[in-house]
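Welcome to this guided tour. Please open your viewer, get your selection tool ready, and follow along one stop at a time.

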Amino acid sequence: MYQTAPAPPGPAPRVGMRWIPGGTFTMGSDTHYPEEAPAHKVTVDGFWIDSRPVTNESFARFVEATGHTTVAEVPPDPAEYPGALPEMLYPGSLVFQKPRRPVDTRDMRNWWAFTLGADWRHPGGPETNLVGMDGHPVVHVAFGDAEAYAAWSGKHLPTEAEWERASRGGLEGAVYAWGDEVAPHGRTMANFWQGQFPHENTLEDGWEGTSPAGMFPPNGYGLFDMIGNVWEWTDDWFVPRHQQVSKNSCCVPRNPRGGSRDESIDLRQPEIRIPRKVLKGGSHLCSANYCHRYRPAARYPEPVDTSTSHVGFRCVIRPG
């Protein structure tokens with residue numbers, strides 16, 4: 001059962017936002033991927049959050065008002081990418097391409113392609129457009145693009161703890177945002193991959209790619225698409241594990257933040273020192289056989305310079 005959220009301190013500061021009450025909850029998981037451990041108690045203060053991810057329509061208003069150019073629309077600086085192939089040094093973004101047959105899932109190049117001309121206006125590549133997709137979550141936005149939108153709108157990107165608190169909808173310790181069953185009473189609760197990823201999508205949720213924001217049931221706080229559809233940026237630097245926290249209630253962290261910028265850099269690529277932020281929520285490409293990350297505790301590192309066809313964001317406002 002969802003908990004009843006305490007009344008907010010006043011009316012929503014923006015249309016389409018929901019109040020998330022402050023409180024203590026269990027963040028992370030000890031039973032899934034190692035980066036989610038250890039499960040630990042944290043406390044966050046109350047805040048407002050967008051009830052839906054930012055859509056193409058909303059992002060278009062931002063671009064029209066500010067003239068913002070996204071990272072995907074700017075050629076990469078060769079000095080920042082030593083050894084990069086010349087064909088990679090052009091404006092573009094990563095686009096999912098479904099293989100026709102089973103492939104080695106240890107190599108993401110079997111389904112991801114850096115596509116010249118792919119950006120938020122052209123999500124599938126230069127020959128595609130946003131016709132009929134105004135209400136879909138914007139994609140191909142790097143961290144700086146999301147941060148710029150948040151500043152323009154008078155908001156912020158959520159911390160990882162805020163995001164996870166909101167996504168749980170008042171359910172303490174549940175596997176999913178709606179409970180412990182992936183499909184209660186046979187009902188699909190979010191847009192994620194059904195079938196064998198990446199070549200077979202049985203479309204039980206009705207969507208091959210992104211879906212319009214709000215197509216699936218809201219969680220207990222009235223929030224849509226916190227799970228599935230698109231991964232969402234948070235403002236925390238990624239570290240491989242959560243900080244170990246004492247079980248003594250007097251030591252519960254309040255409004256915790258992630259690691260440091262330097263700690264977030266992938267040591268497996270020492271020549272490319274691009275820091276990484278935490279993504280949350282999973283996407284329409286997450287599946288039981290490959291990326292079981294359509295859960296509140298799930299987290300994933302994303303370089304701040306990277307944009308893809310399955311990453312978006314939403315914003316928060318903190319009182320005061």
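Which residues in α1 meet which residues in α2? Before you look, keep in mind that this is a predicted model.

**Stop 1: two helices**

Select helix α1, residues 56-66, and helix α2, residues 143-152. On the α1 side, pick out S58, F59, R61, F62, A65 and T66; the residues they meet in α2 are D145, A148, Y149 and W152. Colour this contact by residue type and you will find 6 nonpolar, 2 polar and 2 charged residues.

Now turn the view to see how the helices are placed. Two packed helices are described by the angle between their axes and the distance between the axes. Here the axes of α1 and α2 come within 11 Å and cross at roughly 80°. Angles from 65 to 115 degrees count as roughly perpendicular, and α1 and α2 are therefore roughly perpendicular to each other.

**Stop 2: the buried side of α2**

Stay with α2 and select F143, D145, A146, Y149 and A150, the buried residues of this helix. Look down the axis of α2: these buried residues fall within an arc of 165°, so they line one face of the helix. A general point helps here: an α-helix has 3.6 residues a turn, so residues three or four places apart point the same way.

What do the buried residues of α2 pack against? Add α1, β7 (231-237) and β8 (276-280) to your selection, and you have the partners. Before leaving, step just past the end of α2 to G154, which takes a positive phi of about 75°.

**Stop 3: salt bridges**

Side chains of opposite charge can pair when their charged atoms come close. The structure holds 20 salt bridges, and we will visit a few.

Begin with K41 and E172, whose closest N and O atoms are 3.2 Å apart. K41 sits in strand β3 (residues 40-44) and E172 in the loop between α3 (160-168) and β7, so this pair ties together parts 131 residues apart in sequence. K41 is partly exposed, at 41% relative accessibility, and E172 is partly exposed too, with a relative accessible area of 41%.

Next, select D45 and R254, where the closest N and O atoms are 2.5 Å apart. D45 belongs to the loop between β3 and β4 (47-50), and R254 to the loop between β7 and β8, so the salt bridge joins parts 209 residues apart in sequence. D45 is partly exposed at 30% relative accessibility, while R254 is exposed at 56%.

Then go to E160 and K280, which meet in a salt bridge of 3.5 Å, N to O. E160 lies in helix α3 and K280 in strand β8, so parts 120 residues apart in sequence are tied together. Are these two buried or exposed? E160 is buried, with a relative accessible area of 3%, and K280 is buried at 0%. Widen the selection to E160, E164, R168, K280 and R299, and you will see them linked in a network of salt bridges.

**Stop 4: V304**

Finally, select V304 in the loop between β9 (299-303) and β10 (311-312). Leaving aside neighbours within four places in sequence, V304 is in contact with A142, F143, G144, W233, W237, I274, P275, R276 and K277. You met F143 earlier as one of the buried residues of α2. For a last distance, try V304 to R165: their C-alpha atoms are separated by 23 Å, and the two residues are 139 residues apart along the chain.

Note on methods. Residues are numbered from 1 along each chain as its sequence is written. This is a predicted model: local features need pLDDT of at least 70, side-chain atom pairs count only at pLDDT 80 or more; totals for chains, interfaces and linings use all residues. Side-chain values use heavy atoms; hydrogens and water are left out. Axes are lines fitted to C-alpha atoms, for helices over the stretch in contact, and angles run from 0 to 180 degrees between N-to-C directions. Helices (H or I, at least four residues) and strands (E, at least two) are DSSP runs, numbered from the N terminus. Angles under 35 degrees count as roughly parallel, over 145 as roughly antiparallel, 65 to 115 as roughly perpendicular and the rest as oblique. Contact means heavy atoms within 4.5 Å. Ala, Val, Leu, Ile, Met, Phe, Trp, Tyr, Cys and Pro count as nonpolar, Asp, Glu, Lys and Arg as charged, and the others, Gly among them, as polar. Buried means under 20% relative accessible area, exposed over 50%, partly exposed in between (1.4 Å probe, protein chains only). The arc is that of the directions from the helix axis to the C-beta atoms. A salt bridge is a side-chain nitrogen of Lys or Arg within 4 Å of a carboxyl oxygen of Asp or Glu.
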